[in-house]
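Here is a short set of exercises on charged side chains, with solutions worked step by step. Have the viewer open and try each task before reading on.

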Amino acid sequence: QVQLVESGGGLVQAGGSLRLSCATSGRTSNYATVGWFRQAQGKEHEFVGGIRRIDGFTYYEDSVKGRFTISRDKTRDTVYLQMNSLKPEDTGVYSCAAPGARSAPWGTPRKSIEFRNWGQGTQVTVSS
């Protein structure tokens, strides 16, 4: 099992930037992907983007393409979500997640149901 801990959330004005971190620990060799999700109040988890472990390939939800960037530091087992040009509609609790141990190494999962291990989340609030 892998553990995930997010940090870096906060309050920012529209147009500003934040960088979130997702520190992973445990059996990190078992997970194929780290995904980022956000959840606005009263809504379901929305996929933001992911990074594949085997080759570092990144993929994003359309509304954040060109504004958000996912990267990783393999030496620290940490994945980052750099968020630029933030908008009020980006507000929500951001969580990182990893799929189960038998997930396909070359997959690009996007659905929350495909991810079994979740962090506690970090609040991002973008003011207008």
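A salt bridge is a side-chain nitrogen of Lys or Arg within 4 Å of a carboxyl oxygen of Asp or Glu. The model is predicted, so local features need pLDDT of at least 70 and side-chain atom pairs count only at pLDDT 80 or more, while totals for chains, interfaces and linings use all residues. Residues are numbered from 1 along each chain as its sequence is written, and side-chain values use heavy atoms, with hydrogens and water left out.

**Exercise 1.** Find which parts of the chain the salt bridge between D90 and R38 links.

*Solution.* Start with the contact: the closest N and O atoms of D90 and R38 are 2.8 Å apart. Next, place the partners: D90 sits in the loop between strand 8 (78-83) and strand 9 (92-99), and R38 belongs to strand 4 (residues 33-39). Strands here are DSSP E runs of at least two residues, numbered from the N terminus. The pair therefore links distant parts of the chain, 52 residues apart.

**Exercise 2.** Decide whether D90 and R67 are buried or exposed.

*Solution.* Take the cut-offs: buried means under 20% relative accessible area, exposed over 50%, and partly exposed in between (1.4 Å probe, protein chains only). D90 has 1%, so this residue is buried. R67 is buried too.

**Exercise 3.** Name the residues that shared salt-bridge partners join into one network.

*Solution.* First, D90 also meets R67 in a salt bridge, at 2.8 Å from N to O. Sharing of partners then joins R38, E46, R67 and D90 into one network. The whole structure holds 6 salt bridges.

Notes
Helix = DSSP H or I, 4+ residues; strand = E, 2+ residues; numbered from the N terminus.
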